[in-house]
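Here is a short tour of one chain, meant to be read with the model open beside you. Take a moment to look around before we start.

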Amino acid sequence: MNDSAAVPEVRVFADARAAVPVLLDELRRVIEHGTRPLVGFATGGTFTAMLQALGDELRGRRIDPGAFRATHLDEYLGFPPERRGGMVHELGTHCPPLLDMLRDGALLPVPHEGSPSGLRAHEERLQRAGGVHVQFLGIGRNGHVAFNEPGTSFATGFHVTTLAEATREDARARFAPGEVPRQAVTSGLATIAAAQRLVLCAFGAAKAAAVRAMLHGDVGPACPASVVRRHGNVLVLLDREAAGGIAATTASG
Ligand code: PGA
């Protein structure tokens, strides 16, 4: 696909909370149209409100937990699901029904040990589940998506990566001093781009420069998030601060 053909739809909200109903509607839509579709969740502060709201919907059976399967983008190396600070632990903390899905085999966790055979087996499991229908994504201040740091080739699958210093700084609050991980297992940019639909969120002024680079800079590894412009089915949800550097195409909320 050429870059000019892939202009993502951008919607701007007053604040992050106002985007939550749109995110839940994305989930409802894939559930309505698929047979137990695979949903790719993201972690980080960007998705806390959505995950909490999803927990309420699942507990109240307004969204049927049996109607979809789940996976996620990345995991710190050596962090099994029960280890605080890890991504599966975070998913379960904000959205406890996802832990029931993990127990039932309906949440496919990113392997935390990073062996090549484990990563291959995980990619194959995702394929057997039909591939990811909708992938939720955050973006780092440095333009990363998942843990694909600047410089990562667009051709990568799941791999073990070394975290950028900016990424480790942003992760500091979730770990004891001196315990911020240096490595993670991450979905690659080719894996992410293989999802049928991408829904990327960015909230807060700290993300404005990365959002501008993603949407208006060069498409390439210097800004991993620019991979969204190689995909024809993308929704970008921003708050006003994160949208500060761009001319938004749609105003909402
Ligand atoms: P955040 O992280 O949601 O905590 O800002 C997003 C990211 O780094 O991808």
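Does Ala 146 count as buried or exposed? With a relative accessibility of 9%, Ala 146 counts as buried. Please keep in mind throughout that this is a predicted model.

## Two residues with positive phi

Ala 146 belongs to the loop between E6 and E7. Its backbone deserves a look too: phi of Ala 146 is near 50 degrees, a positive value in a residue other than glycine.

Arg 36 is another non-glycine residue with a positive phi, here about 45 degrees. You will find Arg 36 in the loop between H1 and E2. At 33% relative accessibility, Arg 36 counts as partly exposed, whereas Ala 146 counts as buried.

## Strand E2 and its partners

Following the chain past that loop brings us to strand E2, residues 38–41. In a regular strand the side chains alternate between the two faces of the sheet. Both faces of E2 are covered: Leu 38 and Gly 40 are buried on one side, and Val 39 and Phe 41 are buried on the other.

E2 has a parallel pairing with strand E3 (residues 69–72), made over 4 bridges. In that pairing, Leu 38 stands opposite Arg 69 of E3. E2 also pairs in the parallel sense with strand E6 (residues 132–137), this time over 3 bridges, and Val 39 stands opposite Val 134 there. Between E2 and E3 you can trace helix H2 (residues 48–59), and E2, H2 and E3 together make a right-handed β-α-β unit.

## The nonpolar cores

In soluble globular proteins, nonpolar side chains tend to be buried together. Here the largest nonpolar core has 74 residues, and those touching the most other members are Phe 41, Phe 68, Leu 98, Phe 136, Met 214, Leu 237 and Leu 238. Helix H1 (residues 20–33) supplies the largest share of this core, with 7 residues. There is also a second, separate core of 9 residues, which includes Leu 163, Ala 171, Val 180 and Ala 184.

Leu 238 is a good place to zoom in. Leaving aside neighbours within four places in sequence, Leu 238 is in contact with Val 10, Arg 11, Val 12, Phe 13, Ala 202, Phe 203, Val 211, Ala 243 and Ile 246.

## Helix H8 and its buried face

Val 211, one of the contacts of Leu 238, leads us to helix H8 (residues 208–216), whose buried residues are Ala 208, Ala 210, Val 211, Met 214 and Leu 215. Seen down the axis of H8, these buried residues fall within an arc of 160 degrees, so they line one face of the helix. What covers them includes strands E1 (9–13), E9 (197–202) and E10 (234–239).

## A buried glutamate in H1

Glu 26 lies in helix H1. How much of Glu 26 is accessible? The relative accessible area is 4%, and because buried means under 20%, Glu 26 is buried. Not counting residues up to four places away in sequence, Glu 26 touches Val 134, Phe 136, Arg 197, Val 199 and Leu 235. Two of these names are already familiar: Val 134 is the residue opposite Val 39, and Phe 136 is among the core residues that touch the most other members.

## The three-stranded open sheet

An open sheet of 3 strands has the order E4-E8-E7, and its pairing is antiparallel. Strands E4 (74–76) and E7 (159–162) stand at the edges with a single partner strand each, so one side of each is left without a neighbour in the sheet. On average, neighbouring strands in this sheet are turned by 30 degrees against each other, direction ignored.

E4 joins E8 (residues 183–186) over 3 bridges, with Asp 74 standing opposite Thr 186. E7 and E8 are joined by 4 bridges, and Thr 161 has Ala 184 as its bridge partner in E8. Ala 184 also appears in the second core.

## Two exposed loop residues

Arg 240 sits in the loop between E10 and strand E11 (250–251) and counts as exposed at 54% relative accessibility. Arg 240 and Val 12 are 228 residues apart in sequence, yet their C-alpha atoms are 6.2 Å apart in space.

Ala 155 lies in the loop between E6 and E7, and is exposed with a relative accessible area of 65%. The C-alpha atoms of Ala 155 and Ala 193, 38 residues apart along the chain, are separated by 9.6 Å.

How values were computed: Residues are numbered from 1 along each chain as its sequence is written. This is a predicted model: local features need pLDDT of at least 70, side-chain atom pairs count only at pLDDT 80 or more; totals for chains, interfaces and linings use all residues. Side-chain values use heavy atoms; hydrogens and water are left out. Buried means under 20% relative accessible area, exposed over 50%, partly exposed in between (1.4 Å probe, protein chains only). Two strands pair if DSSP finds at least two bridges between them. A crossover is right-handed if, with the strands pointing away from the viewer, the path from the first strand over the helix to the second runs clockwise. The arc is that of the directions from the helix axis to the C-beta atoms. Contact means heavy atoms within 4.5 Å. A nonpolar core is a set of buried Ala, Val, Leu, Ile, Met, Phe, Trp, Tyr and Cys residues joined through side-chain atoms within 4.5 Å. Axes are lines fitted to C-alpha atoms, for helices over the stretch in contact, and angles run from 0 to 180 degrees between N-to-C directions.
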